[in-house]
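Hi everyone, thanks for making the time today. I'd like to walk you through a structure that is new to most of us, so please have a look at the screen.

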Amino acid sequence: MSRATKHALCILGLILCIGLLLKGSVPQVLSGMWDSAAPMTEARSGASVVLLQDGRILITGGEGASGALVSVELYGNTGSFSPAAPMDVARSRHISIVLQDGRVLVAGGTTTGGGETNAAEIYSPASNSWSTLSGGMTQARSGHTASLLQDGRVLIAGGESSGVASSTLEVFSPITNTFTFAGVLSAPRKDHAAAVLSDGRVLMAGGSNESAALASVDIYNPETGSISQAPNLSTPRTGLTATTLLDGKVLLAGGSNGSDDLASAEIYDPAAGTLSPAAS
């Protein structure tokens with residue numbers, strides 16, 4: 001066996017060993033199947049979850065047995081959860097979103113005592129630490145949405161404020177770490193869904209105005225700061241999801257019409273500006 005062949009076999013063996021080690025540290029689940037995972041460090045509902053740039057999952061806040069939580073945990077490639085540094089403010093029904101530089105913005109939510117908060121803070125995965133943003137959002141809110149714009153800013157929309165649905169928008173700048181008022185929706189809405197379109201605009205659909213589920217759809221244009229209305233959903237939906245597909249269309253699925261849970265779904269086509277039924 002030549003020296004070059006031996007060298008190549010050694011490199012191949014090293015690659016195989018590394019692959020086996022990595023495979024052993026990552027939970028293996030058959031395609032299209034579910035498997036149980038290790039439990040979280042704490043029971044929680046109304047938490048917010050984001051995928052960090054290093055592949056870990058950050059779970060913040062939520063509602064526990066004693067109320068809103070400050071606790072935070074991370075899910076890593078070992079298939080287990082571990083505690084992370086706690087937030088400064090206990091909160092549930094808040095937003096969390098990964099910024100372009102890898103930090104995580106957490107803002108608003110329902111806090112201890114049941115009221116909404118405007119408090120905002122930023123998590124640094126590299127140092128496992130939090131920093132509070134002075135002044136917070138322009139408005140206290142929970143059940144709102146946050147959308148990462150193409151220029152790195154974050155659009156925050158609607159939610160519940162002082163016990164009623166809000167119609168206001170605000171934008172967070174990661175350069176100045178400040179929030180600014182950004183306009184008004186066509187209707188107050190909370191528990192709605194938002195999706196960033198391929199051209200950078202943001203679609204915000206459905207939700208509740210406190211007394212009824214909504215069918216209306218708004219589109220925010222970050223270049224002009226303007227709001228326009230898209231065609232209404234085929235049925236009012238609150239608690240729905242909105243997902244931008246690879247072809248640029250948006251799948252709007254499920255939710256409740258205010259009295260019944262929904263299995264139906266529909267597709268928004270931004271090129272044609274139309275909504276059409278999808279399979280239930």
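I'll talk about a pocket, some strand pairs, a sheet, and then two residues in loops.

Before anything else, please keep in mind that this is a predicted model.

Let's begin with the pocket. The largest pocket holds about 340 Å³ of space. Its lining is made of 19 residues, and the closest to the centre are Ala47, Ser48, Val49, His94 and His144. Which elements give two or more residues to that lining? They are β1 (48-51), β7, β17 (193-196) and β21 (241-244). Of these, β1 gives the most, with three residues. As for the chemistry of the lining, it divides into nine nonpolar, eight polar and two charged residues.

Let's stay with one of those central residues, histidine 94. You'll find histidine 94 in the loop between β6 (81-84) and β7. Is histidine 94 buried or exposed? Its relative accessible area is 7%, and the cut-off for buried is under 20%, so histidine 94 counts as buried. The side chain of histidine 94 also makes a polar contact of 2.9 Å with the side chain of threonine 60.

Threonine 60 takes us to the strands, since it stands in β2, opposite serine 48. And serine 48, you'll remember, is among the residues closest to the centre of the pocket. The two strands here, β1 and β2 (residues 57-60), pair in the antiparallel sense over four bridges. They form a hairpin with five residues between the strands, where glycine 55 takes a positive phi near 95°. On from there, β2 is joined to β5 (residues 72-75) by four bridges, and these strands also run antiparallel. One pair to look for is isoleucine 57 with its bridge partner in β5, tyrosine 75.

Now to β17, another strand that contributes to the pocket lining. Its side chains alternate: Ala193 and Ala195 point to one face and are buried, while Ala194 and Val196 point to the other face and are not buried. β17 runs antiparallel to β18 (residues 202-205), with four bridges joining them. Alanine 194 has methionine 204 as its bridge partner in β18. This hairpin has five residues between its strands, and glycine 200 takes a positive phi near 100° there.

Next, a sheet. Four strands make up an open sheet in the order β7-β8-β9-β10, with antiparallel pairing. Why is one side of β7 (95-98) and of β10 (129-132) left without a neighbour in the sheet? Both stand at the edges with a single partner strand each, so one side of each has no neighbour there. From one strand to the next, the twist averages 20°. Further in, β8 (residues 104-107) and β9 (residues 120-124) are joined by four bridges, and valine 106 stands opposite glutamate 121 in β9.

Last, the two loop residues. As a reminder, most residues other than glycine have a negative phi. Asparagine 177 has a positive phi of about 55° although it is not a glycine. Asparagine 177 sits in the loop between β15 (168-173) and β16 (178-184), and is partly exposed at 27% relative accessible area. Aspartate 191, in the loop between β16 and β17, has a positive phi near 55°. At 26% relative accessibility, aspartate 191 counts as partly exposed.

That's my tour, and thanks for listening!

Notes: Residues numbered from 1 in each chain as written. Predicted model: local features only at pLDDT ≥ 70, side-chain atom pairs only at ≥ 80, totals over all residues. Heavy atoms only, no water. Pairing = 2+ DSSP bridges. Axes fitted to C-alpha atoms, helices over the stretch in contact; angles between N-to-C directions. 1 Å grid on protein atoms, 1.4 Å probe; cavity = no way out; pocket = protein on both sides within 12 Å on 5 of 7 lines; lining within 4 Å. Points joined across faces, edges and corners; volume = space filled by probe spheres on them. Nonpolar A, V, L, I, M, F, W, Y, C, P; charged D, E, K, R; others polar. Buried < 20%, exposed > 50% of the residue type's maximum accessible area, 1.4 Å probe, protein only. Polar contact = N/O pair within 3.5 Å; in protein donor to acceptor, adjacent residues only side chain to side chain.
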